[in-house]
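Student: I'm getting my bearings in this model and would love a close look at a single part of it. Could you take me through it slowly?

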Amino acid sequence: VQLQASGGGLVQAGGSLRLSCAASKFVNTLGWYRQAPGKQRELVAAISSGGTTNYADSVKGRFTISRDNTKNTVYLQMNSLKPEDTAVYYCNAIVYTKTYWGQGTQVTVSS
């Protein structure tokens, strides 16, 4: 499975960004992780093929994950961004027991 992410950038605190990730084929679970400098990669949000979602506590109420199964694409709408959201965001796909990663997209939130 190949994953192509896009949509990162620089935004001021309180602003919004939308990330997209297109998969080369249908996958069961799609998600977004992020890794800030000096920190471990962490789950941001994930969504199953049936639409069940899971969010990190730190983004609940601010971020929304969604998917378009006709396009094999997952989206992450990020609102009310904070400087602590600054990280490289990675698209993630789980197909049975295998995990795949996209190339990462930088999100920088200035204060």
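Student: Where is serine 80 found? Please start there and then show me what surrounds that part of the chain.

Tutor: Happy to. Keep in mind that this is a predicted model. Serine 80 is found in the loop between strand 8 and strand 9. Its backbone is worth a look: phi is positive, about 50°, although serine 80 is not a glycine. As for the surface, serine 80 has a relative accessible area of 41%, and because that falls between the 20% and 50% cut-offs, we call it partly exposed.

Now step back along the chain to strand 8, which covers residues 73-78. Strand 8 runs antiparallel to strand 7, and 6 bridges join the two. To see one of the pairings, find arginine 67: its bridge partner is valine 74, in strand 8. Between strand 7 and strand 8 there is a loop, and asparagine 72 lies in it. Asparagine 72 has a phi near 50°, again a positive value in a residue other than glycine.

Let's widen the view to the sheet. Strand 7 and strand 8 belong to an open sheet of 4 strands, with the order 1-3-8-7 and antiparallel pairing. At the edges you'll find strand 1 (3-6) and strand 7 (63-68), each of which pairs on one side only. From one strand to the next, the twist averages 15°. While you're here, look at tyrosine 75: the charged end of arginine 18 sits over its ring, 4.1 Å from the centre.

On the other side of serine 80's loop comes strand 9. Strand 9 spans residues 87-95 and holds cysteine 91, the partner of cysteine 21 in strand 3 (residues 17-23). A disulfide joins these two cysteines, with 2.1 Å from S to S, and a search of the whole structure finds just 1 disulfide. The two cysteines are 70 residues apart, so to speak of distant parts of the chain being linked is fair. The torsion about the S-S bond is about -90°, so this disulfide is left-handed. Cysteine 21 has a relative accessible area of 0%, so it is buried, and cysteine 91, also at 0%, counts as buried too.

Strand 9 has another partner to show you. Tyrosine 90 in strand 9 forms a ring pair with tryptophan 101 in strand 10, 11 residues apart. A pair of aromatic rings is described by the distance of the centres and the angle of the planes. For tyrosine 90 and tryptophan 101, the centres are 6.5 Å apart and the planes are at 90°, so the pair is edge-to-face. The count comes to 2 aromatic pairs. Tyrosine 33 and tryptophan 101 form an edge-to-face pair as well, at 5.0 Å centre to centre with 75° between the planes. Tyrosine 33 lies in strand 4 (residues 29-35) and tryptophan 101 in strand 10 (residues 98-101), so this pair ties together parts that are 68 residues apart in sequence.

Put the pairs together and you get a cluster of Tyr33, Tyr90 and Trp101. How open are these rings' residues to the outside? Tyrosine 90 counts as buried at 16% relative accessibility, while tyrosine 33, at 22%, counts as partly exposed. Tryptophan 101 is partly exposed too, with a relative accessible area of 38%. Tryptophan 101 also has company from a charged residue: arginine 41 lies over its face, at 4.5 Å from the ring centre.

Last, let's look inside. The largest nonpolar core has 30 residues, and the members that touch the most others are Trp32, Leu76, Met78 and Tyr89. Several strands supply at least two residues each, including strand 3, strand 7, strand 8 and strand 9. Strand 9 gives the most to this core, with 5 residues.

So, back to where you began: serine 80 sits in the loop between strand 8 and strand 9. Before that loop, strand 8 is joined to strand 7 by 6 bridges; after it, strand 9 carries cysteine 91 of the disulfide and tyrosine 90 of the ring cluster.

Key
Residues numbered from 1 in each chain as written. Predicted model: local features only at pLDDT ≥ 70, side-chain atom pairs only at ≥ 80, totals over all residues. Heavy atoms only, no water. Disulfide = S-S within 2.5 Å. Buried < 20%, exposed > 50% of the residue type's maximum accessible area, 1.4 Å probe, protein only. Pairing = 2+ DSSP bridges. Axes fitted to C-alpha atoms, helices over the stretch in contact; angles between N-to-C directions. Phe/Tyr/Trp six-rings, centres within 6.5 Å; stacked < 30°, edge-to-face > 60°. Lys NZ or Arg CZ within 6 Å of the ring centre and 35° of its normal. Core = buried A, V, L, I, M, F, W, Y, C linked by side-chain atoms within 4.5 Å.
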